[in-house]
Amino acid sequence: MCLSRRRLLAGLSCLPFAGCDAAEPIETRTPPSPAPRTERPLEAWRQALGPLDDVEPALRAAFTDPRDFAPMPPRRPGDWRSVRPEPPQSVAEFLASDPNVRAVPRERLALLPLGRFPFDVVVGTEYVGLVRTPAPADVAALLAAFFATPTDLLPAEPLPDGLPWREARGHRQHDARSLLGAAASRLPPDAYGMLTMVTVDLFAIPEQQYAFGWSTFQERLAVVGFARFDPSFFGAPAPSDVAGKVLRRGLRVAVHEVGHLFGLAHCQAFRCVMNGVADLDELDAIPLRLCPLCLRKLHLVTGLDIRARDEQLRRAFEALALPEEAHWLAERARRLRYAARTR
């Protein structure tokens, strides 16, 4: 699949370049404390938000209230912003990038499992790694609620034959871009976009050590590789809650890659699921939510109903036994109701 330079850069999501390939699994970083509940002066993200004339006044707080969204911490050596510096994306720049708009006839998401789910084994020269994944139906349910877009789980298919690969620590690491090219024919005509899920290890450009995922802004194709979400992949002991850790990591990357399908670039305003991710440390630190700026972008290309979307997402989090995320949404719904009453 031939990609332009702009589209190639769009695919550079979750692509670590240094430090992680030989590293041991990293324990979850303590999330930053929420931003202080004080009114802050006009900041760059507010300017990037632009006008909200099309938004019902009672709902504007969903895009203007930064409380409970932690600001981005200072850069550290090896993190995404240090390895891959990128300019922030304003709403105006988002619209100028000509994102795909969800509309008839392309108004659904497709989810395509390739290879073996929900369990696989990766054999390397130094270890035999286990790969566990969330249930594909759970991923589909979460994506449908998160993006307020019906999501169809397609029948699982074998991994295409003849994909380019390279050797990484004695196991095969497949080319993500070639994999998407091979899967492109499976994109349904009524699909806004398609997320492919694989259990194999991935890379996307030669200088990478590995890729959690790869996506495009325009071609409507994305992939997530679940190999590295399970600590057993590295030959390390599995944590007591391995299913929960794999679920959270897998959902974060799946949502992140689908966010790129909707045209969202890497977020640099707040801790947000659209933050660039260079390693498991950064992946474990991001929340499974969109900041106000990124939510506004999604709103513009989907026309989603904020209240209905948040309620559906809260229920999806509860069904997946993710109480922290469900509680956050319940609290936000309460704040939006209060903001509407006090206008």
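This note walks through the fold of one chain and a few backbone details to check.

1. **Model and content.** The model is predicted. The chain holds 12 helices and 10 strands. It has 343 residues, and 57% of them count as buried.

2. **Surface and contacts.** About 14600 Å² of the chain is exposed. Carbon and sulfur atoms supply 55% of that area. Now take the contacts between residues at least 6 apart in sequence: 75% of these join residues at least 24 apart.

3. **The five-stranded sheet.** Start the visual check here. Five strands make an open sheet, and their order is S4-S1-S7-S10-S9. The pairing is mixed. Strand S4 (151-153) and strand S9 (213-215) are the edges, and each of them pairs on one side only. From one strand to the next, the twist averages 15 degrees.

4. **The S1 and S4 pair.** Strand S1 covers residues 108-113. S1 and S4 run parallel, joined by three bridges. To find the pairing in the viewer, look for Ala110, whose bridge partner in S4 is Asp152.

5. **A cis bond ahead of S1.** Val104 and Pro105 are joined by a cis peptide bond. Its omega is about 5 degrees. Most peptide bonds are trans. Pro105 sits in the loop that lies between helix H5 (91-96) and S1.

6. **A positive phi ahead of S4.** Ala148 is not a glycine, yet its phi is positive, about 50 degrees. Most residues other than glycine have a negative phi. Ala148 belongs to the loop between helix H6 (136-146) and S4. Is this residue, Ala148, buried or exposed? Neither fully: its relative accessibility is 23%, so Ala148 counts as partly exposed. The cut-off for buried is under 20%.

7. **A positive phi between S9 and S10.** Arg220 also deserves a look. Its phi is near 70 degrees, a positive value in a residue other than glycine. The loop between S9 and strand S10 (221-225) contains Arg220. With a relative accessible area of 11%, Arg220 is buried.

8. **Where to look again.** Three loop sites merit a second view. One is the cis bond between Val104 and Pro105. Another is Ala148, in the loop between H6 and S4. The last is Arg220, in the loop between S9 and S10. S4 and S9 are the edge strands of the sheet.

Technical notes. Residues are numbered from 1 along each chain as its sequence is written. This is a predicted model: local features need pLDDT of at least 70, side-chain atom pairs count only at pLDDT 80 or more; totals for chains, interfaces and linings use all residues. Side-chain values use heavy atoms; hydrogens and water are left out. Helices (H or I, at least four residues) and strands (E, at least two) are DSSP runs, numbered from the N terminus. Buried means under 20% relative accessible area, exposed over 50%, partly exposed in between (1.4 Å probe, protein chains only). Contact means heavy atoms within 4.5 Å. Accessible areas come from the Shrake-Rupley method with a 1.4 Å probe; for residues, only the protein chains shown count as cover. Two strands pair if DSSP finds at least two bridges between them. Axes are lines fitted to C-alpha atoms, for helices over the stretch in contact, and angles run from 0 to 180 degrees between N-to-C directions.
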